[in-house]
Amino acid sequence: MNKKPNLAIVGATGLVGSTFLKVLEERDFPFDNLYMMASAKSAGSTVTFKGKDYVVEELTEQSFDKPIDIALFSAGGSTSEKFAPIAASKGVIVVDNSSAWRMDPEVPLVVPEVNPQDIEWNKGIIANPNCSTIQAMVPLKPLHEKYTIKRIVFSTYQAVSGSGLKGISDLEEGLKGNDQCKAYAHPIAGNCLPHIDVFLENGYTKEEMKMINETKKILGDDSLRITATTVRVPVFSSHSESINLEFEKPFDLEEVKELLANAPGIVLMDDVANNVYPLARSAAGKDEVFVGRLRRDESVENGLNMWVVADNIRKGAATNAVQIAELLIK
């Protein structure tokens with residue numbers, strides 16, 4: 001694209017939609033015209049962006065009849081299933097934050113630091129991976145290239161903002177002593193819930209299978225052996241992950257640290273003598289992926305443990321989508 005693109009935000013009034021706008025402003029993303037779209041419920045409301053008021057329009061089948069180059073979608077899977085193909089048919093490139101298109105073989109699933117080349121084969125829709133997958137891929141990519149990962153064990157500690165405004169409300173109310181369950185099957189305050197998304201026949205949750213399947217697609221390696229346990233914890237912002245890796249090749253721990261410290265999008269925080277390691281509170285509001293607690297897994301040959309933290313609404317959703325849009329206009 002040689003000109004400034006016309007941009008649409010679909011789901012502009014939601015948690016991720018409003019963060020799209022924050023990130024676009026911070027990164028000074030160039031655009032010509034900007035359109036805000038949402039459900040009929042939010043239509044007519046006003047969103048302020050860069051000092052200008054925009055009236056939110058209802059998303060309909062005619063919404064993409066106007067000249068739009070890129071649309072950032074964060075309006076849920078069923079909305080994306082219906083409207084992303086309509087937008088793509090009108091020449092719009094959709095960057096979709098839902099799970100609707102992630103495993104479609106015709107749709108690239110992209111983390112810009114990991115597989116930016118996959119953008120090139122898009123047919124009008126590019127999928128943003130799951131929040132917990134995105135932050136894991138950033139450090140796994142350089143390690144896989146260097147040492148070849150054989151097996152991955154993911155254990156996640158995921159913030160309530162991953163469930164949107166209802167999840168945040170459940171924790172806020174729970175901390176006041178009101179155990180409401182709008183987002184979860186059980187109270188979240190003072191609890192850890194080993195239950196994110198629905199349970200499947202194999203006993204895993206949908207979230208766990210997303211991490212397993214998306215990792216294979218993004219790294220382009222179906223031979224990877226992966227298992228996952230995903231847990232919702234009473235933290236407002238930023239997902240934390242314990243990642244256990246088994247490599248084909250031997251590694252030097254200092255070399256691993258150097259490799260990660262120099263990889264794009266990573267901040268290495270690994271000085272346990274001074275209590276320095278990634279924390280949810282310090283990752284909140286930032287775009288980088290924070291990595292620490294690097295140590296050998298002495299129970300297997302060529303095993304490594306790491307702790308990975310990132311803001312799930314920014315790098316795990318909005319920032320990753322905006323980074324994809326930046327690659328589209330380069």
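This passage describes a six-stranded sheet, the helices that pack on it, and helix H1 in a predicted model.

Residues are numbered from 1 along each chain as its sequence is written, and side-chain values use heavy atoms, with hydrogens and water left out. Because the model is predicted, local features need pLDDT of at least 70 and side-chain atom pairs count only at pLDDT 80 or more, whereas totals for chains, interfaces and linings use all residues.

Six strands form an open sheet of mixed pairing in the order S10-S9-S11-S14-S13-S12, strands being DSSP runs (E, at least two residues), as helices are (H or I, at least four), numbered from the N terminus, and pairing requiring at least two DSSP bridges between two strands. The edges are strand S10 (225-232) and strand S12 (266-268), each of which pairs on one side only. Neighbouring strands of this sheet are turned by 25° against each other on average, direction ignored, where axes are lines fitted to C-alpha atoms, for helices over the stretch in contact, and angles run from 0 to 180 degrees between N-to-C directions.

Strand S13 (residues 289-297) pairs with strand S14 (residues 303-310) in the antiparallel sense over six bridges, and Phe290 has Val309 in S14 as its bridge partner. Helix H6 (residues 253-261) packs on the sheet, touching S12, S13 and S14 (contact means heavy atoms within 4.5 Å), and its direction makes about 170° with that of S13.

In helix H1 (residues 15-26), the buried residues (under 20% relative accessible area, 1.4 Å probe, protein chains only) include Phe20 and Leu24; what covers the buried residues of H1 includes strand S1 (7-10) and helix H8 (314-329). H1 is followed by Asp28, whose phi is positive, near 50°.

Key. Buried < 20%, exposed > 50% of the residue type's maximum accessible area, 1.4 Å probe, protein only.
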